[in-house]
Amino acid sequence: MMRVVLMVLAAAMFMSCQEKTMVDKLPMQADGIVRLSKIKVNPAYIDEYMKYAVEVGEISLLTEPGVLTMYAVADKTDPCRITILETYASQEAYRSHIASEHFQKYKQGTLHMVDSLALDDVTPLNPANRIINFIDK
């Protein structure tokens with residue numbers, strides 16, 4: 001059931017992005033952020049949570065120059081364990097992101113769905129290695 005839901009969400013996201021283009025991205029600054037967000041979603045809300053997560057990730061990548069990466073994955077053995085690799089060009093880009101209407105919609109809409117949240121800032125082992133994250137057209 002969960003696999004079908006994820007496949008439907010992925011297909012819907014792909015179809016909805018067909019006509020969209022991304023904004024030009026800012027370069028990573030010295031105060032940029034690389035973060036792993038580790039989220040445990042209450043199983044009763046996983047389908048609804050996925051809709052919010054897909055929407056905020058897509059809008060953030062398409063419209064925010066400072067959001068460089070927003071790559072969300074679900075654990076294969078426990079799909080309620082979500083990890084998101086997020087990179088922001090700067091502290092200001094992060095502040096702009098969390099103040100955005102689409103992030104606030106996600107945050108407020110999912111508060112009751114999340115059992116736990118850990119935001120782990122990390123340091124890339126090879127800073128010259130960059131992930132190019134985009135929405136496939």
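Which residues in helix 3 (residues 91–99) are buried? The legends below take this up in turn.

**View 1. The overall fold has 4 helices and 4 strands.** This is a predicted model, in which local features need pLDDT of at least 70 and side-chain atom pairs count only at pLDDT 80 or more, while totals for chains, interfaces and linings use all residues. Residues are numbered from 1 along each chain as its sequence is written, and side-chain values use heavy atoms, with hydrogens and water left out. Helices (H or I, at least four residues) and strands (E, at least two) are DSSP runs numbered from the N terminus, and from that end the elements run α-β-α-β-β-α-α-β.

**View 2. Helix 3 has buried residues on the same side.** A93, Y94 and H97 are buried in this helix, where buried means under 20% relative accessible area with a 1.4 Å probe, protein chains only. They cover an arc of only 100° around the axis, judged by the directions from the helix axis to the C-beta atoms. Their cover includes strand 1 (33–41), helix 2, strand 2 (67–74), strand 3 (81–88) and helix 4.

**View 3. Helix 2 (residues 46–63) packs with helix 4 (residues 101–110).** The angle between them is about 165°, with the axes, lines fitted to C-alpha atoms over the stretch in contact, 9 Å apart; angles run from 0 to 180 degrees between N-to-C directions. The two helices are therefore roughly antiparallel, a term for angles over 145 degrees. Among the residues in contact (heavy atoms within 4.5 Å) are Y49, Y52 and I59 in helix 2 and F103 and Y106 in helix 4.

Conventions:
Parallel < 35°, antiparallel > 145°, perpendicular 65-115°, else oblique. Buried < 20%, exposed > 50% of the residue type's maximum accessible area, 1.4 Å probe, protein only.
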